[in-house]
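Biologist: I would like a close look at one part of this chain, with some context around it. Please give the cut-offs as you go.

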Amino acid sequence: QFLYLIGGRGGGGGDLEAMKVLTTPQVREADAYTIAHEPITSVDLMERAATRCYEKVSALYPAARSFSLFCGTGNNGGDGLVMARLWAADAAAPAVRVYVLALGKTPSDDFAVNMKRLEEGNAAAPRVRVHTITEENFDAAALLGEVEGSVVIDALLGSGATRPAAGLLAQVIAVINACHDASHAQPYLPDMAPNPAYLPRQGCPVVAVDYPSGLFDADNTADNRATAVRADHTVTFQVLKLAFLMPENEPHIGHWHVVDIGLHPTFLHEVPTPHHAVTASVAAGLLRERAAHSHKGTHGHAL
């Protein structure tokens, strides 16, 4: 059994005792169990999860000038659409832009429902600009110019990537990473000439929804790290993921935050895993009260 002490760049998990570290398939099983046994519809569970993420990002960036959400057409993109709608519903919230990446795939049912909700709300009170990115209209320089200075939200893929990003997806991720890198070090765009017109004048903080797009579940030895999102923060749902605890993944994860989305406690209690995270509250319970003249040897040993 592996125990990981939460600390350093982590955050948001101190009140979740004996947190299990699960794989992507196990989290999907937890979703399905919750839908069946709470019960709750899939789209309502998405609403609940995305609302927790929206609240966390709003707290991280209370002075944001705008939010630019990059959404795939699966359920991670559906989370992004919910967040865009929630910001749009707040008259005091900053401007919101949504970029939907058209990869030729049929949208998930929950994505389609939330796109309809966003469009209906936007028709009544236009506050969100929605733009679909295609091979034909993709322009890296123009896109960088639009999003620079905003908070960029990665809701392209989420968890479950099994092959390195390529084609248009890789190009869009390169734009996101250029925004990120400009606020940390010399920005770059893979496979593009170092033309200053293609580089943002100012950096953008990047937040990944649940999981940085392009990063594999746990073993990333076959991944192309240049085509995985590099985030400043990752707001993940319910439990830690094993990839978050691998040091080589830190440039992609950034600071992680676990938000409770109400997955069914029975499943979380019973699901087997060899990986657990020792939280601050658990570690505090292991400390023994020391008398003024007690011997160090009676209070355990550091390995």
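What share of the 303 residues of the chain counts as buried? After that, please look closely at the contact of α5 with α6.

Modeller: This is a predicted model, in which local features need pLDDT of at least 70 and side-chain atom pairs count only at pLDDT 80 or more, while totals for chains, interfaces and linings use all residues. Residues are numbered from 1 along each chain as its sequence is written, and side-chain values use heavy atoms, with hydrogens and water left out.

Of the 303 residues, 50% count as buried (under 20% relative accessible area, with over 50% being exposed and partly exposed in between; 1.4 Å probe, protein chains only). The accessible surface of the chain is about 14,500 Å², and carbon and sulfur atoms hold 56% of that surface (Shrake-Rupley method, 1.4 Å probe; for residues, only the protein chains shown count as cover). The chain has nine helices and eleven strands (DSSP runs numbered from the N terminus: H or I of at least four residues for helices, E of at least two for strands). Taking contacts between residues at least 6 apart in sequence, 78% join residues at least 24 apart (contact means heavy atoms within 4.5 Å).

Now the part you asked about. Helix α5 covers residues 140-147 and helix α6 residues 167-182; their axes come within 10 Å and cross at roughly 45°. Axes here are lines fitted to C-alpha atoms, for helices over the stretch in contact, and angles run from 0 to 180 degrees between N-to-C directions. The two helices are therefore oblique to each other (under 35 degrees is roughly parallel, over 145 roughly antiparallel, 65 to 115 roughly perpendicular, and the rest oblique). Their crossing is right-handed, that is, the near helix is turned clockwise from the far one by less than a right angle, anticlockwise being left-handed. From α5, the contact is made by Ala 140, Leu 143, Leu 144 and Val 147, and from α6 by Val 175, Ala 178 and Cys 179. These residues divide into seven nonpolar, no polar and no charged (Ala, Val, Leu, Ile, Met, Phe, Trp, Tyr, Cys and Pro count as nonpolar, Asp, Glu, Lys and Arg as charged, and the others, Gly among them, as polar).

Ahead of α6, Ser 159 sits in the loop that runs from β6 (151-155) to α6. Apart from neighbours within four places in sequence, Ser 159 contacts Thr 24, Arg 28, Asp 210 and Tyr 211. Ser 159 and Thr 24 are 135 residues apart in sequence, yet 6.6 Å apart in space, C-alpha to C-alpha.
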